[in-house]
Amino acid sequence: MTHDDTRWVGYVRADHRTGSIAALAGVFSTRGVNVDSMATGDVHDDAGLVVVTFRAGERRARLLARTVERLPQVRAVLLRLADDERVRAAAVVRLPPGVAFQPPPEASVRWSGDTATGDPLLVEGPLADVELTVEAARAAGAHADAAVIQPPYA
């Protein structure tokens with residue numbers, strides 16, 4: 001991994017109005033940073049949460065955060081390393097019928113579902129551990145999965 005391959009998660013609280021997502025994407029685009037993922041959350045008090053994952057060196061990541069903070073529609077920005085234990089995620093994974101699966105023992109996740117009986121596996125925990133579990137499920141034959149990064153805790 002090079003210095004510019006550090007994974008970041010940006011939590012952006014922005015006004016719920018036309019153009020907010022485009023403006024946010026434009027900041028990354030004009031600075032030559034590819035967005036790995038971007039997801040929107042619930043809207044409260046006319047503001048929504050946008051979660052952006054990307055790769056950059058620390059200096060560039062901090063510059064992006066400051067630039068995003070200056071957008072008129074942005075209310076707040078929180079930037080964390082993707083492997084920070086406070087970056088939490090949840091995923092649902094479906095395996096073929098009859099395949100029994102449990103998360104890897106090194107993954108610090110909470111999970112439910114009996115995949116051997118056809119139940120989906122629901123897993124929650126630190127992003128890195130959730131991703132490790134999803135990868136292991138794919139290797140065991142998972143044919144569908146969906147993951148979401150949860151809103152930040154204090």
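So, the lining of the largest pocket: its residues split into 10 nonpolar, 2 polar and 6 charged. For that count, Ala, Val, Leu, Ile, Met, Phe, Trp, Tyr, Cys and Pro are nonpolar, Asp, Glu, Lys and Arg are charged, and the others, Gly among them, are polar. Before I go on, this is a predicted model, where local features need pLDDT of at least 70 and side-chain atom pairs count only at pLDDT 80 or more, while totals for chains, interfaces and linings use all residues. Residues are numbered from 1 along each chain as its sequence is written, and side-chain values use heavy atoms, with hydrogens and water left out.

Back to that pocket. The space in the largest pocket comes to about 350 Å³. Lining it are 18 residues, and the closest to its centre are Ser37, Leu127, Glu131, Ala147 and Ile149. Strand E2 (35–44), E3, H3 and E8 each give two or more residues to that lining. Which element gives the most to it? That's H3, with 6 residues.

Quick word on terms. Helices (H or I, at least four residues) and strands (E, at least two) are DSSP runs, numbered from the N terminus. Pockets and cavities come from a 1 Å grid over the protein atoms alone: in a cavity a 1.4 Å probe fits but cannot get out, a pocket is an open set of points with protein on both sides within 12 Å along at least five of seven lines, and lining residues have an atom within 4 Å of a point. Grid points are joined across faces, edges and corners, and a volume is the space filled by probe spheres set on the points.

Next, the second largest pocket, at about 190 Å³. Its lining includes Arg13, Asp42, His44, Ile149 and Gln150. E2, E3 and E8 are the elements giving two or more residues here, and E2 has the largest share, with 5 residues. By class, you get 6 nonpolar, 4 polar and 2 charged.

Let me stay with Gln150 for a second, since I just named it as part of that lining. Gln150 sits in the segment after E8. Is it buried or exposed? At 14% relative accessibility, Gln150 counts as buried; the cut-offs are under 20% relative accessible area for buried, over 50% for exposed, and partly exposed in between, with a 1.4 Å probe and protein chains only. If you leave aside neighbours within four places in sequence, Gln150 is in contact (heavy atoms within 4.5 Å) with Tyr11, Arg88, Ala89, Ala90 and Glu124.

On to the strands. Four of them, in the order E6-E7-E5-E8, form an open sheet with antiparallel pairing; two strands pair if DSSP finds at least two bridges between them. E6 (110–112) and E8 (144–149) are at the edges with a single partner strand each, so one side of each has no neighbour in the sheet. From one strand to the next, the twist averages 10°. E5 (residues 88–94) and E8 run antiparallel and are joined by 6 bridges, with Val93 standing opposite Asp145 in E8. Helix H3 (residues 127–139) packs on this sheet, touching E5, E7 (121–126) and E8, and its direction makes about 145° with that of E7. For those angles, axes are lines fitted to C-alpha atoms, for helices over the stretch in contact, and angles run from 0 to 180 degrees between N-to-C directions.

Now E3, which is mostly covered, with 8 of its 9 residues buried. E3 pairs antiparallel with E1 over 9 bridges, and there Val12 stands opposite Val50. E3 also pairs antiparallel with E2, over 7 bridges, and the partner of Ser37 is Thr53. E2 and E3 make a hairpin with 2 residues between them, and Asp45 in the turn has a positive phi of about 55°.

Last bit: how many cavities of 30 Å³ or more does the structure hold? There are 2. The largest has a volume of about 60 Å³, and its lining has 10 nonpolar, 1 polar and no charged residues. Helix H2 (58–69) is one of the elements supplying at least two of them, and H2 has the largest share, 3 residues. The second largest cavity holds about 40 Å³ of space. Its lining includes Val12 and Val50, the pair I mentioned standing opposite each other in E1 and E3. H1 gives the largest share there, 3 residues.
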